[in-house]
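Student: I am new to this structure and would like a close look at one part of it: the salt bridges. Could you walk me through them?

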Amino acid sequence: MNKSETIWNTPDQGSVKWRLMIILIIVVVLLILLDLGLGSVRIPTGEVAKILLGQASENEAWQAIVLKIRLPRTLTAVLAGAALSVGGLQMQTLFRNPLAGPSVLGITAGASLGVAAVMLAAGTATTAFTIRQLGLGGSWLIILAATLGAALVLLAILAISYKIRDNVVMLIVGIMVANITIAIVSIWQYFSDPEQIQEYIFWTFGSLGGVTADQLSILSVIVVVGIVMTFLLSKTLNALLLGEDYAQSMGLNIKRSRIGIILVTSILAGSITGFCGPIGFVGIAVPHLTRSFLNTSDHKVLIPSCVLVGAILMLFCDIVSQVPGSNTVLPVNAITAMIGSPIVIWIIVKRRNLKSSF
């Protein structure tokens, strides 16, 4: 079913696939151990492994740092990388556009609008100062606002998708909706106090360290469900890759399939934005990197591979953002842009024609 040659068309295709998957899993595990060990307090990898296995550490402080502070952040990085990568893969396939990402339909912008409505609501009780005083309650307020904002944009996009058949037009509509929400936020910022604007800008930097253990359990369920739903759509995505006319000739309901893909991507992108803030470039870079690495367009292979490669890239970005050996934490959104952009440029130079994958 694929337009491009795949590495799975060899006699030992199964063994090659599993070897690559095992390598990716090993890299994920190694990066998790490295991410848990590095930081302002360096913890030996052996001690990190002992703590994760439930064994007593020679330093009780290390155990508290790993389990209570660093583990939630590391698992959040894995979930964010996986969710955004899978979401980007679906959008690139749906629109058959190499520049499409999980935020292309304006879902991320909608979440930002919801947060702005709370953080920049000058003159009300829900100011940035009040949010800080609420502590955990404040973080849930931000998550709820982001979720509602993303949901409103999603409903608008779904309503439009009933009227529009052309995916290119849908892509343009999504970009326009994102521009509208960005414009509203800009106007809100213009009339807001500097302190409120500063708080909102900090949120837009993205953060993996603000997710608590309780929030992590909810985020995990949402992301896992979204990825499982994506894998169930793998045949649909493969069919769409060959063109809508061909997919329809196979009995595929294009409108229903498009709504399903948009809904799942919105769940993945909206949840990550709500809990972590906007994180860019991962959803665009990872699908291209995975296709280039595996040389396949089969979504049954690409989806689990994107989960692993996305986790690897996000863990690496988290390690870099922590600036090992110092107390400085850089904005993760800036790190993903610095790392993701060169990856896309390298793939473009190497492959020269990204449209061959679509």
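**Salt bridges, one by one**

Tutor: Happy to! Let us begin inside a single helix. Glu-47 and Lys-50 are both found in helix H2 (residues 45–52), where they sit three residues apart, about one turn of the helix. Keep in mind as we go that this is a predicted model. These two residues form a salt bridge, and the closest N and O atoms of Glu-47 and Lys-50 are 3.7 Å apart. Their surroundings are worth a look too. Glu-47 has a relative accessible area of 10%, so it is buried, the cut-off being under 20%. Lys-50, with 28% relative accessibility, counts as partly exposed.

Where does this pair fit in the whole picture? Searching the whole structure gives three salt bridges, and the one between Glu-47 and Lys-50 belongs to them.

Now let us move to Asp-35. This residue makes a salt bridge with Arg-73, with 3.2 Å between the closest N and O atoms. Asp-35 belongs to helix H1 (residues 13–37) and Arg-73 to helix H3 (residues 60–95), so this pair ties together parts that are 38 residues apart in sequence. Both ends are away from the surface by the accessibility values: Asp-35 is buried, at a relative accessible area of 1%, and Arg-73 is buried as well, at 9%.

Stay with Arg-73 for a moment, as there is another partner to meet. The side chain of Arg-73 also meets that of Asp-318 in a salt bridge, at 3.0 Å from N to O. Here the link joins distant parts of the chain: Arg-73 is in helix H3, while Asp-318 is in helix H14 (residues 299–321), 245 residues apart. Asp-318 is buried, as is Arg-73.

Put these pieces together and a network appears: Asp-35, Arg-73 and Asp-318 are linked by salt bridges. In this network Arg-73 has a salt bridge to Asp-35 and another to Asp-318. If you trace it on the model, you can start in helix H1 at Asp-35, pass to Arg-73 in helix H3, and go on to Asp-318 in helix H14.

One more kind of link deserves a check. A disulfide is a covalent bond between the sulfur atoms of two cysteines. The structure holds zero disulfides. Among its cysteines, Cys-306 is buried at 0% relative accessibility, and Cys-317 is buried at 1%.

How values were computed:
Residues numbered from 1 in each chain as written. Predicted model: local features only at pLDDT ≥ 70, side-chain atom pairs only at ≥ 80, totals over all residues. Heavy atoms only, no water. Salt bridge = Lys/Arg side-chain N within 4 Å of Asp/Glu carboxyl O. Helix = DSSP H or I, 4+ residues; strand = E, 2+ residues; numbered from the N terminus. Buried < 20%, exposed > 50% of the residue type's maximum accessible area, 1.4 Å probe, protein only. Disulfide = S-S within 2.5 Å.
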